[in-house]
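Got a fold in front of you and want to know where the labels come from? Let's go through them one at a time.

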Amino acid sequence: MPYTLPDVLVSTDWVAQHGNDAGVRVVEVDVDTTAYEQGHVPRAVGWNWTTQLCDTLVRDIIPADKFEELMAASGIAPDTTVVLYGDNNNWFAAWALWQMKIYGHEDVRIMDGGRKKWLAEGRDLSTDAAQVPRAKYKARPADTSIRAFLPEVQEAMKRGSAALVDVRGPQEFTGEILAPPGLPETCQRGGHIPGAKNVPWGKACNEDGTFKTIDELRQLYGGVGVTSDRPVIAYCRIGERSSHTWFVLKYLLGFPDVKNYDGSWTEWGNLVGAPVEKP
Amino acid sequence: MNADDYSTRNAELDGWTIVIESYRVGPRFYCTVSSADPGARFARSEGATQEEAERVALEKARRYLAQTRVRKT
């Protein structure tokens with residue numbers, strides 16, 4: 001059975017065949033911001049999530065004017081088909097897609113399996129930075145219906161107005177560790193938002209980095225009571241893993257009301273007086 | 001140009017299960033280290049040989065993992 005909105009996902013084959021088509025722009029976004037220079041899909045543009053996909057002064061997503069500039073400099077017009085991919089099974093590719101959807105980009109897709117699958121298949125790589133003609137871009141007003149802010153999350157916790165899905169690892173969920181092993185601790189308290197269900201992001205993926213089937217995904221989330229008949233808010237530590245789950249729920253499973261809480265645990269776990277549940 | 005000799009394998013490092021990803025692009029070998037759970041990449045290196053790339057990446061990984069404290073819940 002196909003995904004609910006299958007057009008948001010393309011295969012590595014599709015990118016190999018259509019990545020150079022007019023009206024298509026391939027973009028790599030990695031956790032490891034040096035990966036693009038090692039070799040990338042030929043003609044792919046590279047975005048740095050630490051400087052280009054966030055506000056570098058205030059903690060926030062990229063401001064609209066900077067977003068417009070990034071799109072224009074990347075040769076992306078409002079009608080461009082954008083294909084995003086990256087390392088870590090598309091963590092920050094999903095983060096970029098979520099922000100592009102906030103600013104109303106119509107046709108943006110994920111390459112299933114991401115950088116890992118492209119490399120494993122021995123496909124062509126280039127080390128040349130892509131030279132793309134500048135485009136004109138006007139962002140739409142920000143669509144905050146796919147973004148959860150703290151008050152809404154607090155309301156969901158108190159009143160059960162939305163299912164809270166914590167997509168971090170089990171040890172982060174229980175508070176045994178404050179960040180993924182090997183990464184800096186970025187919060188004062190460990191644990192999870194009371195009432196949240198733990199569905200680690202990686203459970204949505206196969207070994208090769210591709211997404212699991214729609215039946216497997218339904219079973220995964222339905223098994224803990226996360227279903228399409230109720231609003232869902234996903235969170236993690238800084239919002240990128242939860243944008244991956246947001247993508248799965250919104251597009252692959254077609255949930256009508258899903259939000260990414262990008263404040264995530266770095267906000268909640270540092271908030272004075274915020275209730276914390278553990279384990 | 002493409003990635004050759006791509007491989008991933010799980011290993012134990014100081015009590016943590018890690019995933020070691022190795023490949024070669026042209027003359028350079030690359031290695032990245034991720035936690036098996038939750039799958040976050042936290043160390044990488046490159047070198048003239050696979051052994052060199054992995055050795056340096058694992059040294060970095062060990063250093064970073066030493067900063068992770070496990071608490072009783």
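Below are short questions and answers on this predicted model.

Q: Why is A:D30 called buried?
A: The cut-off for buried is 20 or more other C-beta atoms within 10 Å. A:D30 has 25 such neighbours, so it counts as buried. As for its place in the chain, A:D30 sits in strand β2 (residues 24-30) of chain A.

Q: Which residues does A:D30 touch, leaving aside its neighbours within four places in sequence?
A: A:D30 is in contact with A:A35, A:Y36, A:G86, A:D87, A:F92 and A:R115, with those sequence neighbours left out. On the other hand, the C-alpha atoms of A:D30 and A:V153 are separated by 28 Å, and these two are 123 residues apart along the chain.

Q: What makes A:D13 exposed?
A: A residue is exposed if 12 or fewer other C-beta atoms lie within 10 Å. A:D13 has 11, so exposed is the right word. This residue belongs to helix α1 (residues 12-18) of chain A. From the C-alpha of A:D13 to that of A:Q219 the separation is 28 Å, with their positions 206 residues apart along the chain.

Q: How do you know that the buried residues of α4(A) line one face of the helix?
A: Start with which ones they are: A:F67, A:L70 and A:M71 are buried in helix α4 (residues 64-73) of chain A. Look down the axis of α4(A) and these buried residues fall within an arc of 95 degrees, so they line one face. They pack against α3 (49-52) of chain A. Just after α4(A) comes A:G75, with a positive phi of about 70 degrees.

Q: Why is chain A said to be as compact as a globular protein of its length?
A: Its radius of gyration is 18 Å, and the globule rule gives 19 Å for 279 residues; the two are close, so the description fits. The C-alpha trace of chain A spans about 50 × 40 × 35 Å along its principal axes. Chain A is built with 11 helices and nine strands, and buried residues make up 50% of its 279 residues.

Q: How much of the contact in chain A joins residues at least 24 apart?
A: Taking contacts between residues at least 6 apart in sequence, 76% join residues at least 24 apart. For chain B, the share at 24 or more positions apart is 24% of the contacts with a separation of 6 or more.

Q: What makes a set of residues a nonpolar core, and how many residues are in the largest one?
A: The members must be buried nonpolar residues of the listed kinds, joined through C-beta atoms within 7 Å. The largest such set has 96 residues, and among those with the most contacts inside it are A:L84, A:A96 and A:V232. Its largest share, 10 residues, comes from α5(A). Both domain 1 (6-142) and domain 2 (145-268) of chain A give this core at least three residues each. Zooming in, A:A96 touches A:V29, A:W47, A:L53 and A:L84, not counting residues up to four places away in sequence.

Q: Where do the two domains of chain A meet, and which elements of domain 1 take part?
A: The domain assignment gives domain 1 (6-142) and domain 2 (145-268), with C-alpha centres 23 Å apart. Their contact takes 19 residues from domain 1 of chain A and 17 residues from domain 2 of chain A. On the domain 1 side, α5 (87-102) and α6 (114-120) of chain A each supply at least two residues. The largest share of that side, 10 residues, comes from α5(A). By type, that side divides into 11 nonpolar, four polar and four charged residues.

Q: Which parts of chain B touch chain A?
A: The contact takes 26 residues from chain B and 29 residues from chain A. Elements giving two or more residues on the chain B side are β1 (3-13), β2 (16-25), β3 (28-35), β4 (41-47) and α1 (50-65) of chain B. The largest share, four residues, comes from β4(B). That side divides into 15 nonpolar, six polar and five charged residues.

Q: What pattern does chain B follow along the sequence?
A: Chain B reads β-β-β-β-α, which fits its count of one helix and four strands. Of its 73 residues, 32% count as buried.

How values were computed
Residues numbered from 1 in each chain as written. Chains lettered and ligands numbered in written order. Predicted model: local features only at pLDDT ≥ 70, side-chain atom pairs only at ≥ 80, totals over all residues. Arc of directions from axis to C-beta. Contact = placed C-beta atoms within 7 Å. Domains from an automatic or database assignment. Nonpolar A, V, L, I, M, F, W, Y, C, P; charged D, E, K, R; others polar. Rg over C-alpha atoms; globule rule 2.2 N^0.38 Å.
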